[in-house]
Protein chains: 4
Amino acid sequence: MDFRPYKHKAQYYETDSMKIVHHSNYIRWMEEARVDFLEQINLGYDVMERAGIISPVLAVECEYKSMTRFAETVVIAVRLTNYTGVRFDVEYEMRDEASGELRAKGRTSHCFLDQNGRPTALKRRNPEWDAILRGAVFEE
Amino acid sequence: MDFRPYKHKAQYYETDSMKIVHHSNYIRWMEEARVDFLEQINLGYDVMERAGIISPVLAVECEYKSMTRFAETVVIAVRLTNYTGVRFDVEYEMRDEASGELRAKGRTSHCFLDQNGRPTALKRRNPEWDAILRGAVFEE
Amino acid sequence: MDFRPYKHKAQYYETDSMKIVHHSNYIRWMEEARVDFLEQINLGYDVMERAGIISPVLAVECEYKSMTRFAETVVIAVRLTNYTGVRFDVEYEMRDEASGELRAKGRTSHCFLDQNGRPTALKRRNPEWDAILRGAVFEE
Amino acid sequence: MDFRPYKHKAQYYETDSMKIVHHSNYIRWMEEARVDFLEQINLGYDVMERAGIISPVLAVECEYKSMTRFAETVVIAVRLTNYTGVRFDVEYEMRDEASGELRAKGRTSHCFLDQNGRPTALKRRNPEWDAILRGAVFEE
């Protein structure tokens with residue numbers, strides 16, 4: 001499957017005293033891109049919420065390769081790199097739209113929790129979603 | 001009654017490309033100071049939440065008088081200036097701790113909503129809180 | 001002149017415990033919309049920066065009319081309502097894209113500062129920009 | 001050397017729709033704690049800035065172990081775990097103050113840049129700081 005990359009234009013309030021985007025905002029951009037990716041495979045937050053499932057962030061990492069400045073647009077490619085039925089990992093490549101220069105690489109890990117905050121195996125609880133996620137895993 | 005002013009040290013992530021604190025953060029600082037004020041009169045968010053009442057922001061305004069820089073501490077004086085039983089207004093004076101210079105003046109307006117999102121008159125629903133708020137209104 | 005309204009899709013990180021967008025974010029959305037408006041009249045931040053002029057926020061106000069939820073798109077209409085040569089005011093009307101419901105109304109005031117942080121009259125310093133701004137003022 | 005841990009009280013605007021602190025804020029808290037740690041060893045941002053040195057974030061990672069709720073205070077222990085003369089790594093352990101429960105573990109990597117944005121070896125440029133950092137590295 002081919003997914004539409006996500007675009008974010010850097011806002012003024014995202015910059016800091018170094019006149020670059022503050023590093024914490026890339027973590028937020030990864031969320032924006034992940035939400036968009038999940039919508040593309042019909043697993044948007046609204047769908048999950050109606051099913052009483054949330055998908056919290058277990059871990060996040062980001063390597064900063066070059067600086068983003070105000071008003072630059074960053075293109076974020078998202079890949080589901082791992083899905084075990086109870087956990088999944090997402091990788092992100094962020095590039096400057098104009099130059100193609102690599103801005104940052106990131107990764108997040110997630111699980112699924114039910115309404116009582118208990119870990120949930122999608123395979124049993126929701127085989128349809130399980131199939132979607134298996135099909136969406138990136139393969140080189 | 002005399003209230004303890006609230007202090008906030010400006011964080012690096014709160015600055016912007018002008019090397020000053022971004023103006024949107026003062027709105028957040030007002031919330032910090034208001035939460036602290038409400039705790040001082042025993043009407044903290046936890047107390048309200050247990051009673052099933054929330055107190056959303058109806059309006060906000062802020063005048064910026066001078067700039068706050070990274071690592072400066074701002075002292076925020078809070079005054080309950082109006083309480084009608086269904087609404088209340090809070091005013092804020094933010095000064096640099098070191099110099100006493102006025103940084104900003106702000107104001108927020110609030111109501112009370114019950115669990116169904118309906119406006120609630122504290123006077124009927126919670127006479128004890130009503131008395132606390134009446135007593136906390138600032139009088140010159 | 002007719003201006004393209006600005007659109008912002010509410011992000012998950014912009015929500016708070018009330019499951020609505022935190023009120024401070026509307027202040028940031030107004031900046032996004034203002035930046036976009038100024039670009040439309042060829043007075044983007046990059047143009048200003050090259051000319052050594054910044055345009056800080058002197059005052060902000062916002063009235064909240066209804067709540068924005070995660071993933072809703074807000075359409076922001078921007079109007080330059082006042083321009084004196086040394087100051088300008090901008091008004092914002094934020095509506096839910098799907099329903100047209102009014103979310104919030106806001107206003108910001110600005111001046112122009114030169115590289116030394118001194119107030120600057122555009123009329124003398126930059127007659128071309130002065131003409132653009134005069135022409136962009138909204139008239140009923 | 002023994003360092004004072006940093007404390008942060010979770011703010012309402014830091015929560016999200018899950019009624020917990022949004023994961024991106026831990027990245028900001030790590031910055032707060034790091035700034036405080038560097039001040040404790042007399043290498044605050046003001047000192048660095050006067051010397052024309054900045055210390056950007058090269059990489060960040062965070063593992064989330066339990067959730068932080070509004071108004072809870074998190075105690076952040078900071079350790080300089082590696083310093084090579086041109087790079088350093090900082091580790092963070094964030095615990096709930098009331099219960100001692102582990103909230104999150106994090107790590108950031110940094111380098112030093114001079115005014116022209118070029119990597120700088122502190123050993124040559126500033127032997128005094130180099131000695132301070134060597135002495136501050138945590139040893140089990």
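Leaving aside its neighbours within four places in sequence, Lys9(D) is in contact with Ala71(D) and Thr73(D), in what is a predicted model. Lys9(D) belongs to strand 1 of chain D, which covers residues 6-9, and because Lys9(D) has 14 C-beta neighbours inside 10 Å, this residue counts as partly exposed. Its relation to Pro127(D) gives a sense of how chain D is laid out, since 118 residues separate Lys9(D) from Pro127(D) in sequence and 37 Å separate them in space, taken from C-alpha to C-alpha.

From this residue we can turn to the strands of chain A and to how they pair. Strand 2 of chain A, residues 57-64, and strand 5 of chain A, residues 102-111, run antiparallel and are joined by seven bridges; within this pairing, Tyr64(A) has Ala104(A) of strand 5 as its bridge partner. Strand 5 of chain A also pairs with strand 4 of chain A, residues 87-96, again in the antiparallel sense and over nine bridges, and here the bridge partner of Glu91(A) is Arg107(A) in strand 5 of chain A. Strand 4 and strand 5 of chain A form a hairpin with five residues between the strands, and in this hairpin Gly100(A) takes a positive phi near 80°.

The pairing can be followed across a chain boundary in chains B and C, where an open sheet of 10 strands has the order 1(B)-3(B)-4(B)-5(B)-2(B)-2(C)-5(C)-4(C)-3(C)-1(C), with antiparallel pairing. The edges of this sheet are formed by strand 1 (6-9) of chain B and strand 1 (6-9) of chain C, each of which pairs on one side only. On average, and with direction ignored, neighbouring strands of the sheet are turned by 20° against each other. At the edge in chain B, strand 1 runs antiparallel to strand 3 (residues 73-83) of chain B and is joined to that strand by four bridges, with Tyr6(B) standing opposite Ile76(B) of strand 3. Helix 1 of chain B, residues 24-40, packs on the sheet and touches strand 1, strand 2 (57-64), strand 3, strand 4 (87-96) and strand 5 (102-111) of chain B, while the direction of this helix makes about 65° with that of strand 3 of chain B.

Where does the sheet pass from one chain to the other? The crossing lies between strand 2 of chain B and strand 2 (residues 57-64) of chain C, which run antiparallel and are joined by five bridges, and at this junction Val60(B) stands opposite Cys62(C). The contact between these two chains takes 15 residues from chain B and 15 residues from chain C. On the side of chain B that touches chain C, the elements that give two or more residues are helix 1 and strand 2 of chain B, and strand 2 gives the largest share, eight residues. By class, this side of chain B has 10 nonpolar, two polar and three charged residues.

The symmetry of this pair can be stated directly: a rotation of 180° with 0.0 Å of shift along its axis superposes chain B on chain C, with an RMSD of 0.0 Å. The two copies are therefore related as by a two-fold rotation axis, and in chain B the C-alpha nearest that axis is the one of Glu61(B), 2.0 Å from it. Because 100% of the interface residues of chain B are also interface residues in chain C, the copies meet through the same surface.

Chains A and B are also related by a rotation of 180° with 0.0 Å of shift along its axis, which superposes chain A on chain B with an RMSD of 0.0 Å. Of the residues of chain A, Asp16(A) comes closest to this rotation axis, its C-alpha lying at 2.0 Å. The contact takes nine residues from chain A and nine residues from chain B, and the side of chain A that touches chain B divides into three nonpolar, four polar and two charged residues. Here too, 100% of the interface residues of chain A are also interface residues in chain B, so the copies meet through the same surface.

A further meeting of chains involves helices. Helix 1 (residues 24-40) of chain A and helix 1 (residues 24-40) of chain D pack at an angle of about 175°, with their axes 8 Å apart, which means that helix 1 of chain A is roughly antiparallel to helix 1 of chain D. In this contact Ser24(A), Ile27(A) and Arg28(A) meet Ser24(D), Ile27(D) and Arg28(D), and the residues of the contact divide into two nonpolar, two polar and two charged.

Conventions. Residues numbered from 1 in each chain as written. Chains lettered and ligands numbered in written order. Predicted model: local features only at pLDDT ≥ 70, side-chain atom pairs only at ≥ 80, totals over all residues. Least-squares fit on C-alpha atoms with pLDDT ≥ 70 in both. Contact = placed C-beta atoms within 7 Å. Pairing = 2+ DSSP bridges. Axes fitted to C-alpha atoms, helices over the stretch in contact; angles between N-to-C directions. Nonpolar A, V, L, I, M, F, W, Y, C, P; charged D, E, K, R; others polar. Parallel < 35°, antiparallel > 145°, perpendicular 65-115°, else oblique. Buried ≥ 20, exposed ≤ 12 C-beta atoms within 10 Å, placed from the backbone.
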